[in-house]
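The exercises below are meant to be worked through with the sequence and the coordinates at hand. Try each task before reading the solution that follows.

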Amino acid sequence: MKIRDIRLSILSVPLRVPFKTALRSVSSVEDVVVEILTDSGETGFGEAPPTGVITGDTTGAIAGAIQDHIAPKLIGRDIEEFETLLKDVQAALVHNTSAKAAVDIALWDLYGKHLGLSVFRLLGAARREIETDITISVNDPEVMAQDTLDAIRRGYRTLKVKVGVEPSLDVARLLAVRAAAGPDIQIRIDANQAWSPKQAVRILEEMERKDLGIELVEQPVKASDLDGLAFVTSHSPIPVLADEAVFSPQDALAIMQRHAADMINIKLMKCGGITNALRIISAAEVYGMECMLGCMLEAKISVNAAVELACARQIITRIDLDGPVLLKEDPIEGGAIFREKQITVSDAPGLGISGIRPGYTRPLFDNYV
Ligand SMILES: C[C@H](N)C(=O)N[C@@H](CCC(=O)O)C(=O)O
Ligand SMILES: [Mg+2]
């Protein structure tokens, strides 16, 4: 099976409600879709969101990285050279993890299709079903309480509550969310780097004093402040999960060796795809550090790849793969089945994606060349 061409397009899907974090506010997904076309007629699908505030990757940069640097290394080559192809994607240029992730995902899809095996089976097949949390955007406390009620009505049992915009409101936000949720709903919070280390410890101690029952706090401080993260981890009464601080397997190892966080959030878009995510997972298995498998604001092509990985490995104990359920519609055909919180992995060859419904994509290079 030889790679004939790589096609790029933009997938556009509106969100149910605006997604708001301490870093950004958006109302639709506008992701780059990668299709690797082969001489046997099989297509490998990948996707990359331009989450500039976290990865630094913009739509134009993702397109340029793939078109000018990655695609020329792959075209004409056989999928049987799988390991070398994966290495060549990572070596094509530095950074640009979202572009690499999209192509890496599409190569895993093709390889599974070539072997007639689903990726989750290829990687370990630990389980067929996982349960995702759902994000509650940062807003005024009353709006967040209403969003909490809506999420519970939809059947969610774990909420990922965004905080960090006007931190003085964060405890009030959580009081409102807990009052709306009742005692049995699991609540995790994500500050998206908004707090200083001392401020983080103060806020987390207050949340603990008020008995808010917070499971964990995600990325309390700046991504680059590893000392600050370690300070919060050693002083916080609430476990700390590193997100923006961990892109590469090397970042993950550094955190594990220093115990700068209690857990790690693995995202394909930060580490460059399934291949590097597997390296982080191996390190986590060695260190016995539980991981979350998370996503950016992504549709079901790349989130589906994360589902395959999450279903393959038991060290993934927490799931934040709510991208598809935040969308108004799901235009992706095939792949995992999302019944709100309950996600069932596809066992079709590769990633099981068969196509995208018409009307949701437009050719990318109309805009970017
Ligand atoms: C969508 C997911 N629940 C989430 O919150 N992911 C990120 C933010 C992603 C984005 O801004 O697109 C996170 O910080 O965990
Ligand atoms: Mg996060």
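## Exercise 1: The ligand and the two domains

In this predicted model, the shell around ligand 1 draws at least three residues from each of domain 1 (3-116 + 358-368) and domain 2 (121-355).

**Task.** Determine which residues come nearest to ligand 1, and how the residues of its shell divide into nonpolar, polar and charged.

**Solution.** Begin with the 15 residues around ligand 1, of which Thr51, Thr135, Met296, Leu297 and Asp320 come nearest. Then sort the shell by class, which yields three nonpolar, six polar and six charged residues.

## Exercise 2: The contact between the domains

**Task.** Describe how domain 1 and domain 2 are in contact, and find which element gives the most to the side of domain 1 that touches domain 2.

**Solution.** First take the domain assignment of the protein chain, in which domain 1 is made of 3-116 together with 358-368, while domain 2 covers 121-355. Next, place the C-alpha centres of the two domains, which lie 23 Å apart. Counting the contact then gives 39 residues of domain 1 and 38 residues of domain 2. On the side of domain 1 that touches domain 2, at least two residues each are supplied by the strands β1 (3-20), β2 (25-38) and β3 (43-48) and by the helices α1 (52-55), α3 (82-91) and α4 (97-115). Of these, α4 gives the most, with twelve residues. Finally, the classes on this side of domain 1 are 22 nonpolar, nine polar and eight charged.

## Exercise 3: Two helix pairs

**Task.** For the pair α6 and α7 and the pair α8 and α9, work out how the helices pack and which residues make each contact.

**Solution.** Start with α6 (residues 141-153) and α7 (residues 170-181), whose axes are 8 Å apart and enclose an angle of about 30 degrees. Angles under 35 degrees count as roughly parallel, and α6 and α7 are therefore roughly parallel to each other. Their crossing is right-handed. In α6 the contact involves Pro141, Glu142, Met144, Ala145, Thr148, Leu149 and Ile152, which meet Ala172, Arg173, Ala176, Val177, Ala179, Ala180 and Ala181 in α7. By class, this contact has eleven nonpolar, one polar and two charged residues.

Turn next to α8 (residues 197-209) and α9 (residues 226-235), which pack at about 25 degrees with their axes 9 Å apart, so that α8 is roughly parallel to α9. The crossing of α8 and α9 is right-handed. Pro197, Ala200 and Val201 of α8 make the contact with Gly228, Phe231, Val232 and His235 of α9, and these residues divide into five nonpolar, two polar and no charged.

Methods
Residues are numbered from 1 along each chain as its sequence is written. Chains are lettered from A and ligands numbered from 1 in the order in which they are written. This is a predicted model: local features need pLDDT of at least 70, side-chain atom pairs count only at pLDDT 80 or more; totals for chains, interfaces and linings use all residues. A residue is near a molecule or strand if its C-beta atom, placed from the backbone, lies within 6 Å of it. Ala, Val, Leu, Ile, Met, Phe, Trp, Tyr, Cys and Pro count as nonpolar, Asp, Glu, Lys and Arg as charged, and the others, Gly among them, as polar. Domain bounds come from an automatic or database domain assignment. Axes are lines fitted to C-alpha atoms, for helices over the stretch in contact, and angles run from 0 to 180 degrees between N-to-C directions. Helices (H or I, at least four residues) and strands (E, at least two) are DSSP runs, numbered from the N terminus. Angles under 35 degrees count as roughly parallel, over 145 as roughly antiparallel, 65 to 115 as roughly perpendicular and the rest as oblique. A crossing is left-handed if the near helix is turned anticlockwise from the far one by less than a right angle, and right-handed if clockwise. Two residues are in contact if their C-beta atoms, placed from the backbone, lie within 7 Å.
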